[in-house]
Amino acid sequence: MIKTICPLYKLPSRNTIERRIDDIYDVIAGDFRKTLSTVQYVAVTTDAWTETMQMKSFLSITLHIIVEAHLESKTIGTVELFQSHTAEYIGKTLVETLSNWSVQKENVVAVVTDSGANFKKAIINEFTANKHIPCVAHTINLVVEKAIEKTQELNVQTKVKSGGVPAIMSKIREIVKFVKRSSKASDSLRKCQKLQGTIEGKYLKPILDVSTRWNSSFYMIERFSTLAIYLSQVLLEFNGTDIPEMVAVSELNCLKEMCALLRPFE
């Protein structure tokens, strides 16, 4: 394509692009190191995450500083984790990364993490309990998850919880997964919306939630409630034992009440 558009242009090689990216990094990192040397205190946010394609784990570390009355935030490392995520290993990796940027532990005034026991212990061990601040978003996530879990009923004999909102959400997930993996169902959903006057480019799609993010469950429920009338028509077009069951009217009413309750947390 480049040869056709601009025959005289020579594309840079992979090594050239890599070198230029490294050069840009060196300049930006150098500038931030200079800025860091002028401040006395820093706050840190850190979290571990997994890259699902290759199943590699990383620890991301971001510094927050005040420069001339303005907040600046910079990620100083996304460090690959090669060992079990113990408090000792996380704490050691965090302190080493900070040290590489000339940030000493006594200059850290706060470290924000999720409420995981390993992270909490790591920060307490390395920085003391007074400097650990639980992430507000993660705490809200736990509050909502626990509230949803409380709607289940406990079988006294089997000690197994069932029903409630989790059961309804499970039915929603199966419907969403079915529509997403079936091109015929997706086409039918678009057709239903078109017949109701929705213009091209404005068609809505079902949303599948992520277990670690409560607000994604809220978005899934909210979108499902909007598309429920169309999804019920779509499911009627299919036969077979693998077709998910549509939620009942009473369950839809429950979903609408849930949206009203959860929206302030969003």
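A residue is called buried when its relative accessible area is under 20%, exposed when that area is over 50%, and partly exposed in between. In this predicted model, Asp209 has a relative accessibility of 11% and therefore counts as buried. Asp209 is a good place to begin, since a charged partner is waiting for it: the side chains of Arg173 and Asp209 meet in a salt bridge, with 2.9 Å from N to O. Arg173 belongs to helix α6, whereas Asp209 sits in the loop between α7 (183–195) and α8 (214–236), so this pair ties together parts that lie 36 residues apart in sequence. Unlike the buried Asp209, Arg173 is partly exposed, at 26% relative accessible area.

As general background, side chains of opposite charge can pair when their charged atoms come close. The count for this model comes to six salt bridges. Another of them joins the side chains of Glu251 and Lys171, at 3.0 Å from N to O. Here the partners come from two helices, Glu251 from α9 (residues 249–262) and Lys171 from α6 (residues 164–181), so the bridge ties together parts that are 80 residues apart in sequence. Glu251 is buried, with a relative accessible area of 18%, while Lys171, at 21%, is partly exposed. A further bridge links the side chains of Glu222 and Arg263, at 3.1 Å from N to O. Glu222 lies in helix α8 and Arg263 in the segment after α9, so parts that are 41 residues apart in sequence are tied together. Both ends of this bridge are partly exposed: Glu222 has a relative accessible area of 28%, and Arg263 has one of 42%.

The nonpolar side chains come next. In soluble globular proteins, such side chains tend to be buried together. The largest nonpolar core of this model holds 32 residues, and the members that touch the most others are Ile172, Phe224 and Leu255. Helices α5, α6, α7, α8 and α9 each supply at least two residues of this core, and α8 gives the most, with 10 residues. Ile172 offers a closer view of the packing: leaving aside residues up to four places away in sequence, Ile172 touches Met220, Ile221, Phe224, Val247 and Leu255. There is also a second, separate core, made of 26 residues, which includes Phe32, Leu36, Val103 and Phe127.

Helix α5, one of the contributors to the largest core, shows how a helix can have two distinct sides. It spans residues 136–149, and its 14 residues reach 20 Å from the first C-alpha to the last, close to the 20 Å expected at 1.5 Å a residue. The buried residues of α5 are Asn141, Val144 and Ile148. These three cover an arc of only 70 degrees around the axis, which means that they lie on the same side of α5. On the other side of the helix, Val136 and Lys146 are exposed.

Finally, the cysteines were examined. A search of the whole structure finds zero disulfides. For Cys259 the reason is distance: the closest cysteine sulfur, in Cys254, is 9.8 Å from the sulfur of Cys259, too far for a bond. Cys259 counts as buried, at 5% relative accessibility, whereas Cys135, at 25%, counts as partly exposed.

Key
Residues numbered from 1 in each chain as written. Heavy atoms only, no water. Helix = DSSP H or I, 4+ residues; strand = E, 2+ residues; numbered from the N terminus. Expected span 1.5 Å × (residues − 1). Buried < 20%, exposed > 50% of the residue type's maximum accessible area, 1.4 Å probe, protein only. Arc of directions from axis to C-beta. Disulfide = S-S within 2.5 Å. Salt bridge = Lys/Arg side-chain N within 4 Å of Asp/Glu carboxyl O. Core = buried A, V, L, I, M, F, W, Y, C linked by side-chain atoms within 4.5 Å. Contact = heavy atoms within 4.5 Å.
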